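I open this notebook to keep track of what I looked up, place by place, and in the order in which I asked.

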Amino acid sequence: MQYNRMGSTGLQVSRICLGTMSFGNSEEWMVEIDKARPIVKRALDLGVNFFDTANVYSNGRSEEIVGELLKDHRDSVVIASKVRLSTGEGPNKEGLSRYHIMDQARKSLKRLKTDKIDLYQTHRWDYSTPIEETLVALNDLVRQGMVNYIGTSSMYAWQLAKALFTSDRLGVARFISMQNHYSLCYREEEREMIPFCKDQGIAMIPWSPLARGFLTGRYKRGGKADSPRYRSDKYFADRFFKPEDFDVVERAEEIAKEKEVTVSQIALAWLLHKGVCAPIIGATKVEHLEDAVGSLEVKLSSDDMKRLEEPYKPHRIIGPLPLPEPAS
Ligand SMILES: NC(=O)c1ccc[n+]([C@@H]2O[C@H](COP(=O)([O-])OP(=O)(O)OC[C@H]3O[C@@H](n4cnc5c(N)ncnc54)[C@H](OP(=O)(O)O)[C@@H]3O)[C@@H](O)[C@H]2O)c1
C-alpha cells in the first residue's frame with residue numbers, strides 16, 4: 001500500500017479510500033454486513049486504512065456496518081463521516097446548524113461504535129446557516145475530542161474560499177479535504193476547485209472515481225445496460241451513457257489493453273497521476289477492491305495522460321448544490 005499525507009496535515013492515509021455508501025440496504029444494489037465483511041477484511045489486509053461513510057447512507061446502516069467491522073482495528077484506521085443532508089421530516093433535521101451538527105455527531109459516534117470521528121465532513125453547502133455558525137460548531141467538536149479533523153464535500157470554489165477565510169478570521173479549524181466529484185468522465189472540477197485546493201494544500205479525495213461503475217468498461221455502447229446499480233441508483237443512468245462518455249471509456253479500454261491491466265485501473269491511475277490524495281472507491285465485491293488497489297502499480301506516461309483526456313467534452317455541473325431560487 002502507498003500512503004499519503006492528507007493535504008497539509010500530518011495524517012497519513014492509504015492512497016485508496018474504501019467508500020461505504022454501498023454498505024446497507026436502502027437500495028437494491030447495496031450489500032449488507034455479510035457481504036461487506038470480506039470486503040473490509042481484504043481492505044485491511046491490503047493496507048487500506050481510510051474508510052468513508054455518512055450519517056445518511058442507508059439511514060445510518062452504513063455507519064453501523066463500518067463501526068462493527070472496524071471496531072477491533074480502531075487505533076489503526078482513519079474513519080471519515082459526514083453531516084448535512086436530510087435525516088428526517090420537519091425542521092432541524094438537515095443542514096449545518098449547530099443544532100443539527102451536534103445532534104448528528106453524537107448519533108454517528110454511537111453507530112460507529114467509537115469516541116471520535118477522524119474526518120468529519122460537511123456534505124454540501126447550507127445556504128440557510130451562516131458559515132460562522134457551522135465552523136464554530138465543528139471547531140467545538142474538535143476541541144471536545146469528538147472529531148480529529150474537519151473536511152468538506154462538493155461545493156463551488158467560492159464557497160470553499162469563503163469557508164477557509166472565515167476559519168482563518170475566527171481562528172478555528174480549517175477544512176483539510178475536499179471530497180468532490182472527479183473522474184475521467186467528469187472533469188469540471190479542473191476549472192476552479194482543483195487549482196484552488198492545490199494552492200491551499202487541501203487534500204482531494206474524489207467520490208465516484210469510476211463514474212459509479214461506468215468507467216470499468218462493463219457497460220457497452222449500444223448494449224443494454226442492466227445491473228442492480230443501473231436499475232436502482234437514481235443518479236446513474238442520467239449522468240453518464242452519453243456518446244461522449246463512451247468515447248472516454250473506449251479510449252481507456254484501448255490503453256488498458258496496451259498495458260494489460262483493467263479499464264478501472266486505468267481510470268483510477270489517471271486520478272492518482274492528477275495528484276489526488278486518495279480516490280474514494282465503491283465496492284460490492286472483494287474483486288472490486290483488489291482491482292482498485294492494483295491501480296497503484298499502473299504507470300501512465302504524459303502521452304497516455306494526453307490520450308486519455310483528449311475525448312472529454314464538458315458536462316453540466318454535478319455535485320455542488322445550486323443557489324436556491326429567490327422567494328417571489
Ligand atoms: N460526498 C458525496 O456527495 C458522495 C457522493 C457519492 C459517493 N460518495 C462516496 O464515494 C464512494 C464511492 O462512490 P461510488 O460507489 O459511486 O464509486 P465508484 O468507484 O465510481 O463506483 C463503484 C461501483 O463500480 C463498480 N465497480 C467497481 N469496481 C469494479 C470492477 N473492478 N469491475 C466491475 N465493476 C466495478 C461497482 O458497481 P456494482 O456494485 O454495480 O457492481 C461499484 O459499486 C461512496 O461509497 C461514498 O463513500 C460521496
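Where in the chain is the place of Ser22? I find Ser22 in the loop between β3 (17–19) and α1 (33–45), and I keep in mind throughout that this is a predicted model. I then asked whether Ser22 should be called buried or exposed; its relative accessibility is 3%, and because the cut-off for buried is under 20%, Ser22 counts as buried. Not counting residues up to four places away in sequence, Ser22 touches Trp29, Met30, Val31, Ala283 and Thr284. I also looked up its separation from Tyr182, 160 residues apart from Ser22 along the chain, and the two C-alpha atoms are separated by 18 Å.

**Ligand site**

Thr284, which Ser22 touches, led me on to the ligand. Which residues come nearest to the ligand? Of the 27 residues around the ligand, I note Asp52, Ser208, Leu210, Arg218 and Thr284 as those that come nearest. By class, the residues of this shell divide into eight nonpolar, 12 polar and seven charged. I then looked at which elements contribute, and β10 (280–282) and α11 (286–294) each supply at least two residues of the shell, while β10 gives the most, with three residues.

For polar atoms facing the ligand I wrote down three distances. A polar side-chain atom of Tyr57 lies 3.5 Å from a nitrogen atom of the ligand, a polar backbone atom of Pro209 is 3.4 Å from a ligand oxygen, and a backbone N or O atom of Gly213 lies 3.4 Å from an oxygen atom of the ligand. I next asked how much of the ligand the protein buries; taken alone the ligand exposes 910 Å², and the protein buries 93% of that.

**The loop between β5 and α3**

I turned to Arg84, whose place is in the loop between β5 (78–83) and α3 (98–111). Is Arg84 buried or exposed? Its relative accessible area is 9%, and since buried means under 20%, I enter Arg84 as buried. The side chains of Arg84 and Glu94 are joined by a polar contact of 3.3 Å. Leaving aside neighbours within four places in sequence, the residues in contact with Arg84 include Gly95, Leu96, His100, Trp125, Asp126 and Leu321.

Asn92 is in the loop between β5 and α3 as well, and I stopped there for its backbone: its phi is near 65 degrees, a positive value in a residue other than glycine. I noted this because most residues other than glycine have a negative phi. At 42% relative accessibility, Asn92 counts as partly exposed.

**Helices α3 and α5**

Helix α3 has 14 residues and reaches 20 Å from its first C-alpha to its last, close to the 20 Å expected. Among its buried residues I list His100, Ile101, Met102, Gln104 and Ala105, and what covers the buried residues of α3 includes α2 (61–70), β5, β6 (117–122) and α4 (131–143). After α3 comes Lys113, whose phi is positive, near 55 degrees.

Helix α5 (residues 157–170) also has 14 residues, and its reach from first C-alpha to last is 20 Å, close to the 20 Å expected. The buried residues of α5 include Leu160, Ala163, Leu164 and Thr166, and its buried residues pack against α4, β7 (147–153), β8 (175–179) and α6 (193–200). Just after α5, Gly171 takes a positive phi of about 70 degrees.

To see α4 from a residue of its own, I chose Ile131, which is found in that helix and counts as buried at 8% relative accessibility. Leaving aside neighbours within four places in sequence, Ile131 is in contact with Trp125, Lys162, Ala163 and Thr166. The C-alpha atoms of Ile131 and Leu164, 33 residues apart along the chain, are separated by 10.0 Å.

**A last backbone check**

Where is the place of Glu260? I find Glu260 in the loop between α9 (243–259) and α10 (263–273), with a positive phi of about 55 degrees although it is not a glycine. Its relative accessible area is 73%, and because exposed means over 50%, I enter Glu260 as exposed.

Note on methods. Residues numbered from 1 in each chain as written. Predicted model: local features only at pLDDT ≥ 70, side-chain atom pairs only at ≥ 80, totals over all residues. Heavy atoms only, no water. Near = heavy atom within 4 Å. Polar contact = N/O pair within 3.5 Å; in protein donor to acceptor, adjacent residues only side chain to side chain. Areas by Shrake-Rupley, 256 points an atom, 1.4 Å probe, with all protein chains shown as cover. Helix = DSSP H or I, 4+ residues; strand = E, 2+ residues; numbered from the N terminus. Nonpolar A, V, L, I, M, F, W, Y, C, P; charged D, E, K, R; others polar. Buried < 20%, exposed > 50% of the residue type's maximum accessible area, 1.4 Å probe, protein only. Contact = heavy atoms within 4.5 Å. Expected span 1.5 Å × (residues − 1).
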